[in-house]
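I set out to look up the pockets of this structure and the residues that line them. My entries follow in the order in which I consulted the model.

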Amino acid sequence: MSERTNEQWVADLHGAPGVQAQALEDLRMRLQRSILYYLSHERSDLASRSSQELSQMADDLAQDATLRVMENLSTFRGDSRFTTWANKIAVRLAISELRRVRHKDFSLDDMTADGDLQIENTTVSALNGTTPPDPERATERAEVLQKIDQALSEVLTPRQYQALVAIAMRDIPMDVVAEQMGSNRNALYKLLHDARRKLRLYLESQDLPIDYMLELFH
Amino acid sequence: MSTNPAMQRLVDFLCGSTSSDEIIDMDCNMCCEQLACLAEQVAAGARLADLRPDLEAHFHTWPDSAEEFYALVAILRAEASGTLQE
């Protein structure tokens, strides 16, 4: 496979049909190798997959990534290497797809304010993990958690609540939550930023400054 | 002293640093070349904390974004070491 400069990549991908077809194939193969490396070396959750399965996944993802690169080719300025930029697009696309598959059964509708955290019905030791802290501190934590729970349901909109619980507590990826909300990552950042600001203001009004909470829970 | 992981994450999230609009724009742009440049530098041995401490703080609050960035770094390192070659 020939090595191209950034300028050659862009020129060839815009080139005459024969030149363009070769550049597209070179790009697709390059992205396939990168994705296959990522799937087979960096993803322990895929360790049970056969090399054939991983190779097929990498093929499909590389095809999609090549199309995505072409759609955005006009935005490439040449600050990074072209192949790094293309790999960035491929990696993001691959990881997003893996997240989507892993969380295919997740539903935001399950994230309701009614009993989602169940703090009031949960024992202090369960809330605090396997090693119980001293009783005084455990009680203090439980009281703070109850105030946080109260804040979540009182201060946030249902949409903010769903997003916050899904992302901050359930570890659901942003892409998955954004897709279910019919939104995008940027809008989700703003939604969560506003939710966090409202919660922090509320908690501070309850004499629960950030420094105190950090100290209490670490 | 351990804490329920979900509650710990929520507290960390509430107490975490707030990212600038610039960082959020970088992160949201699938085709962000600035992140590609930073990944090249980190893959070559630079520390992200030295290059962009604000981005590193952002990654601490948003692990999805960190996962994507360091996956790219891993690929670049493999490429540089010849591991990606057929």
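The entries below concern the two pockets that I examined.

**Entry 1: source of the model.** I note that I am working from a predicted model.

**Entry 2: the largest pocket.** I looked up its volume and found about 370 Å³ of space. I then listed its lining, which comprises 21 residues. Closest to the centre I found A:Ile167 and A:Asp171 from chain A, with B:Arg9, B:Thr61 and B:Pro63 from chain B.

I next asked which elements give two or more residues to this lining. In chain A they are helix H4 (82-102) and helix H7 (158-169). In chain B they are helix H1 (5-15), helix H5 (53-61) and helix H6 (63-81).

By residue class, I recorded nine nonpolar, five polar and seven charged residues in the lining of the largest pocket.

**Entry 3: the second largest pocket.** For this pocket I read a volume of about 310 Å³. Its lining holds 15 residues. Nearest the centre lie A:Arg68, A:Arg92, A:Ser96 and A:Asp175, together with B:Met30 of chain B.

Two elements of chain A, H4 and helix H8 (174-180), each give two or more residues to this lining. H4(A) supplies the largest share, five residues. I counted the classes here as five nonpolar, three polar and seven charged.

**Entry 4: placement of the second largest pocket.** Where does this pocket lie with respect to domain 1 and domain 2 of chain A? Domain 1 (6-102) and domain 2 (108-217) both give residues to its lining, and I therefore place the second largest pocket between them.

Note on methods
Residues are numbered from 1 along each chain as its sequence is written. Chains are lettered from A and ligands numbered from 1 in the order in which they are written. This is a predicted model: local features need pLDDT of at least 70, side-chain atom pairs count only at pLDDT 80 or more; totals for chains, interfaces and linings use all residues. Side-chain values use heavy atoms; hydrogens and water are left out. On a 1 Å grid over the protein atoms alone, a cavity is a set of points where a 1.4 Å probe fits but cannot get out, and a pocket is an open set with protein on both sides within 12 Å along at least five of seven lines; lining residues have an atom within 4 Å of a point. Grid points are joined across faces, edges and corners, and a volume is the space filled by probe spheres set on the points. Helices (H or I, at least four residues) and strands (E, at least two) are DSSP runs, numbered from the N terminus. Ala, Val, Leu, Ile, Met, Phe, Trp, Tyr, Cys and Pro count as nonpolar, Asp, Glu, Lys and Arg as charged, and the others, Gly among them, as polar. Domain bounds come from an automatic or database domain assignment.
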